[in-house]
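Hi,

Here is the structure I promised to pass on. Have a look at it first, and then read my notes underneath.

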Amino acid sequence: MTMFRAAAAMGRRVQGRALVAKDGFSARYDLDRVRGVFSRPEHRLAGQSYLGRILVLDAAKGGVATAWMLHEMTARGVMPMALVLNRVNPIMVQGATLANFTMLSGFDVDITAVVPHGAVVEVDPEADPPCLRVLALP
Amino acid sequence: MRLTDEERAMLAGEAGPARQWAIEHQMRVGRYLGAEDFVAVSQAHIMADTESLGVAGVEWLERLAALPDVARRVRIPTITDPRGTDFAAAARLKQQEWMLALERRAIAAFEALGVLMTDTCINYQTIMPAVLGEHMAYGDTGVVIYANSVLGARSNFEGGPSALAAGLTGRTPRYGYHLPEKRRATLKLRVDCTPRALHEWGALGGVIGRIAGDYWQVPALVGIDRVPTSDELKHFGAALASYGSIALFHMADVTPEAQHAIIPTLAVTATITAADLVAFQAAYRAELDRIDVVVFSSPQLSLIELRDVADLLDGRRATIPLLVVTSPQVKPDADRLGITARIEAAGGLVLSGMCFYQSYAREMAEANGWQTLVTPSAKLVNILGGYGYRPALLSMQECIEVACAGRIGV
């Protein structure tokens with residue numbers, strides 16, 4: 001089992017299959033939140049469902065809407081299981097805080113390069129230090 | 001985080017449950033981002049269109065709004081970003097009644113909280129511009145980057161919940177661009193081609209945003225050969241924030257902190273040429289022929305931009321929907337000066353207090369059969385792909401030509 005330590009974390013421990021891409025994340029710019037898929041044509045996960053997945057992406061992007069949208073998505077149950085980013089912006093932190101969302105960020109390595117797309121991973125914000133564990137390869 | 005007596009009292013619930021939620025929220029955010037204490041802010045600006053809020057967000061606001069008056073009202077001037085509609089034009093946009101009903105509920109809740117419904121993303125041009133060194137809790141990335149960079153204010157991106165929290169507590173966690181050391185340039189870029197038109201400023205913002213890459217980068221531009229106007233910096237900043245999630249830039253000999261924030265030893269890492277701007281624009285234009293809608297929005301237009309649109313439309317007639325979006329502060333002047341009438345006599349529709357992408361853009365596309373769109377806003381082009389549009393970035397003049405011809409390149 002491979003483990004990657006994160007610099008910052010919030011939320012609860014979850015396990016799930018990882019959707020991995022060296023690309024950004026913004027709920028407004030990138031998602032069709034009704035259908036639960038990545039909808040921006042240029043996004044490397046375009047067309048893929050994010051429901052129940054652990055998103056492993058590079059950096060928070062876009063505007064401030066994600067701060068509300070994570071809460072709205074969570075209320076409808078149409079959301080990813082957790083968000084793992086190399087670099088956050090304040091909006092992701094604010095949104096995850098309001099939505100009680102699980103999020104990890106800040107790694108010694110490019111997390112999108114070391115977690116295989118489709119792997120089963122565990123996101124553990126309660127560990128000391130918080131970490132992502134790769135439980136099974138795709 | 002170090003707390004003052006007043007902050008401890010809020011945390012203990014002595015100022016009511018709204019302020020208790022607010023400071024708890026701010027502390028969780030602050031701890032994640034390394035804040036050691038709070039900083040007092042003099043204004044908050046809330047982005048809260050109902051497409052973002054959803055029913056859950058509106059209900060959440062209504063719970064706060066149901067608290068006793070003394071417990072729920074904001075402590076500092078707190079204003080709003082554009083709403084999700086212009087009620088006067090909602091039927092023409094084919095927005096649905098449930099959207100308007102949700103907007104009305106959100107407005108009622110905000111008003112009960114003491115929020116001023118300014119409904120604008122150009123408050124730095126219309127309401128009360130920030131002062132050098134003034135700490136703010138601004139939402140809307142375009143507002144933050146303009147206030148930080150052009151005016152020298154101190155703000156991070158504050159999403160709706162955090163901006164409201166700042167309104168309730170009168171402070172925000174001190175991290176990021178509230179700290180002097182975080183405001184220094186982290187990369188230096190040479191610009192060989194000072195843009196001339198607004199859409200080119202947007203393209204420059206897009207190019208640099210893609211290079212810069214994330215929120216914590218502070219790009220510095222050298223080589224801009226004249227002092228840009230407020231509208232030019234508005235489009236540049238909005239695109240830079242949109243493409244790069246950037247909240248602060250410096251521009252040598254233009255912005256107030258550039259002289260000290262651009263360290264002389266910082267090397268130029270890239271040069272932006274005219275070819276970069278052309279390529280940026282061309283990437284969005286491929287394979288577009290017939291156009292469904294022309295949109296001037298994002299940011300809302302200044303009075304000068306509205307006047308320019310009216311001038312370009314003189315003696316012309318739009319043959320496809322032409323939407324021109326401004327703020328509730330600018331619209332009365334445009335009405336009084338006959339600008340609105342000139343645009344609408346040529347077939348345009350002047351909208352107030354909304355922003356195109358914050359107004360159920362996907363549902364408007366489906367209801368109106370809109371797929372292809374042209375705009376001089378690079379920010380709008382960046383956002384609308386995810387909403388199912390195929391957008392193109394054109395000059396203001398080209399947009400008017402398309403509005404009249406219904407297609408590109410005639």
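**Helix 2 of chain A and what surrounds it**

The buried residues of helix 2 of chain A pack against helix 1 (27-30) and helix 3 (90-99) of chain A, and also against helix 3 and helix 8 of chain B. Before going on, some housekeeping: this is a predicted model, where local features need pLDDT of at least 70 and side-chain atom pairs count only at pLDDT 80 or more, while totals for chains, interfaces and linings use all residues. Residues are numbered from 1 along each chain as its sequence is written, and chains are lettered from A and ligands numbered from 1 in the order in which they are written.

Helices here are DSSP runs of H or I with at least four residues, numbered from the N terminus. Helix 2 of chain A covers residues 66-76, and 8 of its 11 residues are buried (20 or more other C-beta atoms within 10 Å of the residue's own, with C-beta atoms placed from the backbone). Those buried residues include Trp68(A), His71(A) and Glu72(A). Just after the helix, Gly77(A) has a positive phi of about 75 degrees.

**Where the chains meet**

On the chain B side, 33 residues are in contact with 33 residues of chain A (C-beta atoms, placed from the backbone, within 7 Å). Helix 2 (17-32), helix 3 (50-65), helix 8 (160-169) and helix 17 (378-384) of chain B each supply at least two residues to that side, and helix 3 of chain B gives the most, with 5 residues.

**Inside chain B**

Chain B splits into domain 1 (5-179), domain 2 (184-280) and domain 3 (287-405), with bounds from an automatic or database domain assignment. The C-alpha centres of domain 2 and domain 3 of chain B are 25 Å apart. Their contact takes 14 residues from domain 2 and 15 residues from domain 3. On the domain 2 side, helix 9 (198-212) and helix 10 (230-244) of chain B are the elements giving two or more residues, and helix 10 has the largest share, 7 residues.

**The core**

Which residues touch the most other members of the largest nonpolar core? They are Val56(A), Leu83(A), Val84(A) and Val324(B), in a core of 179 residues (a set of buried Ala, Val, Leu, Ile, Met, Phe, Trp, Tyr and Cys residues joined through C-beta atoms within 7 Å). Leaving aside neighbours within four places in sequence, Leu83(A) is in contact with residues including Phe25(A), Leu55(A) and Phe101(A).

Cheers

Definitions and conventions. Two residues are in contact if their C-beta atoms, placed from the backbone, lie within 7 Å. A residue is buried if 20 or more other C-beta atoms lie within 10 Å of its own, exposed if 12 or fewer, and partly exposed in between; C-beta atoms are placed from the backbone.
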